[in-house]
Amino acid sequence: MLSDTAPLLHGVPQGSVLGPLLFLMYIYPLGKLLNNFKNVSYHFYADDIQLYCSFNDTELHKLTELLDCLACVKSWLTSNSLQLNSEKTETLIVAPENKIPIISRHLGSLSSSVQPCIRNLGVWFDQSMSLDHHSSLLIRNCFYHLRNIAKLRAFLSNSVLEMVIHAFISSRLDYCNSLFTCFNKSVLNRLQLVQNTAARLLTGSDKRAHITPILSSLHWLPIKWRIDFKILVLTYRALNGQTPKYLSDLLCPYASSRALRSSDQNLLKIFKTKYKTRGDRSFQGIAPRLWNALPLSLRVADTVDFFKSQLKTLLFKNAFS
């Protein structure tokens, strides 16, 4: 059955593949407007607009520019038949806890929208950038689904059960896990417990059975190694022009002032960082260290598929040797 045809004089049907592209073209001039504010950075994702302003204790005046920028955004949207949804506007202050009230008083109309944590593309960011709230929700949701899957265990074949576990558990553990470098050992151990429980459910193993042989038999990389895998794949893509520029700009090829054998080893420069719990765990801090530890054959891989295949083999060997 087909519906009657009708001429489409303007716009596109909801859900059309042209919709996102046309919308990005429509709001493209807004990006040029935001570039006029030197102390404000921005990201667009579909119809979401994110504004960032970085400053220290003596630069609270920069918040005035942020408020001016927001006023310009509202004005531009109004003049182009769009509307800023004030109810969905949220503000996150990333600062020491004792500084947050001071900063909040300089935010003007935005002070009422300040939240202790906000969701960004499925990840919950908090004021300390520890992702504690996100990890708690992730672990709770995974165990909730594991309990429900366990109830269906008797009705599913092993192959179907594995698909269900990957769909509801592995996908959650792997989603944006390149951010998990900020987690301490306690949180990583809790995430590993989720994977261990899933592995025992799939294999029907006793809870007292040693988990390493079980994970090895399933060919599952432990949580820590899955995080390293994601970071190294992102690094490879960034070095080969397959990521946004803001990510590739964080990496710098190593260049020696003298002619050394390491000059043609495709190494990355390791930047000095101030804080071990923040700078050392950032992508710019950890990616070069992981990359430089790879064998040369991986650093010069021709394709991303070959790189991923050989990298998983290497990490699997390191994890279970």
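1. By domain bounds I mean those that come from an automatic or database domain assignment. On that basis, this predicted model splits into domain 1 (18-115), domain 2 (132-214) and domain 3 (225-320). Taken over C-alpha atoms, the centres of domain 1 and domain 2 sit 37 Å apart.

2. A word on the annotation. UniProt, in an unreviewed entry, lists residues 1-107 as "domain: Reverse transcriptase". In the model that stretch is 37% helix and 9% strand, and its end C-alpha atoms lie 56 Å from each other. Keep in mind that such annotations may be inferred rather than shown by experiment.

3. Now the packing. The largest nonpolar core holds 51 residues, and the ones with the most contacts inside it are I165, I169, L191, W220, F307 and L311. At least two residues apiece come from β4 (123-126), α5, α6, α7, α8, α9, α11 (283-292) and α13 (304-320). Helix α9 gives the most, with 8 residues. Domain 2 (132-214) and domain 3 (225-320) each put in at least three residues. There is also a second, separate core of 20 residues, which includes V40, L66, I100 and L107.

4. I169 is a good place to zoom in on that largest core, as one of the residues with the most contacts inside it. Not counting residues up to four places away in sequence, I169 touches C142, H145, L146, I149, V194 and A198.

5. Two of those partners, V194 and A198, are also on the list of buried residues of α7, so let's look at that helix, where "buried" means under 20% relative accessible area. Helix α7 (residues 185-203) runs for 19 residues and reaches 26 Å from its first C-alpha to its last, close to the 27 Å expected at 1.5 Å a residue. Its buried residues are V187, L191, Q192, V194, Q195, N196, A198, A199, R200, L201 and L202. The cover over them includes α5 (132-152), α6 (158-174), α8 (211-218) and α9 (223-239).

6. Both ends of α7 deserve a look. At the start, a side-chain oxygen of N184 comes to within 3.2 Å of the backbone nitrogen of S186. After the helix comes G204, with a positive phi near 70°.

7. Buried or exposed: what about T243, in the loop between α9 and α10 (245-248)? T243 has a relative accessible area of 17%, so this loop residue counts as buried. Leaving out residues up to four places away in sequence, T243 touches L234, R237, A238 and S248.

8. P288 is one to find on screen: it is placed in helix α11. With a relative accessible area of 1%, P288 is buried. Setting aside neighbours within four places in sequence, P288 is in contact with L251, L268, K269, I270 and F283. P288 and T235 are 53 residues apart in sequence, yet their C-alpha atoms are 8.2 Å apart in space.

9. Finally, A293, which lies in the loop between α11 and α12 (296-299). Its relative accessible area is 63%, so A293 is exposed. A293 and V160 are 133 residues apart along the chain, and 38 Å separate their C-alpha atoms.

Key
Residues are numbered from 1 along each chain as its sequence is written. This is a predicted model: local features need pLDDT of at least 70, side-chain atom pairs count only at pLDDT 80 or more; totals for chains, interfaces and linings use all residues. Side-chain values use heavy atoms; hydrogens and water are left out. Helices (H or I, at least four residues) and strands (E, at least two) are DSSP runs, numbered from the N terminus. The expected span of a helix is 1.5 Å times one less than its number of residues. Buried means under 20% relative accessible area, exposed over 50%, partly exposed in between (1.4 Å probe, protein chains only). Contact means heavy atoms within 4.5 Å. A polar contact is a pair of N or O atoms within 3.5 Å; within protein, one must be able to donate a hydrogen and the other to accept it, and residues adjacent in sequence count only if both atoms are side-chain atoms. A nonpolar core is a set of buried Ala, Val, Leu, Ile, Met, Phe, Trp, Tyr and Cys residues joined through side-chain atoms within 4.5 Å.
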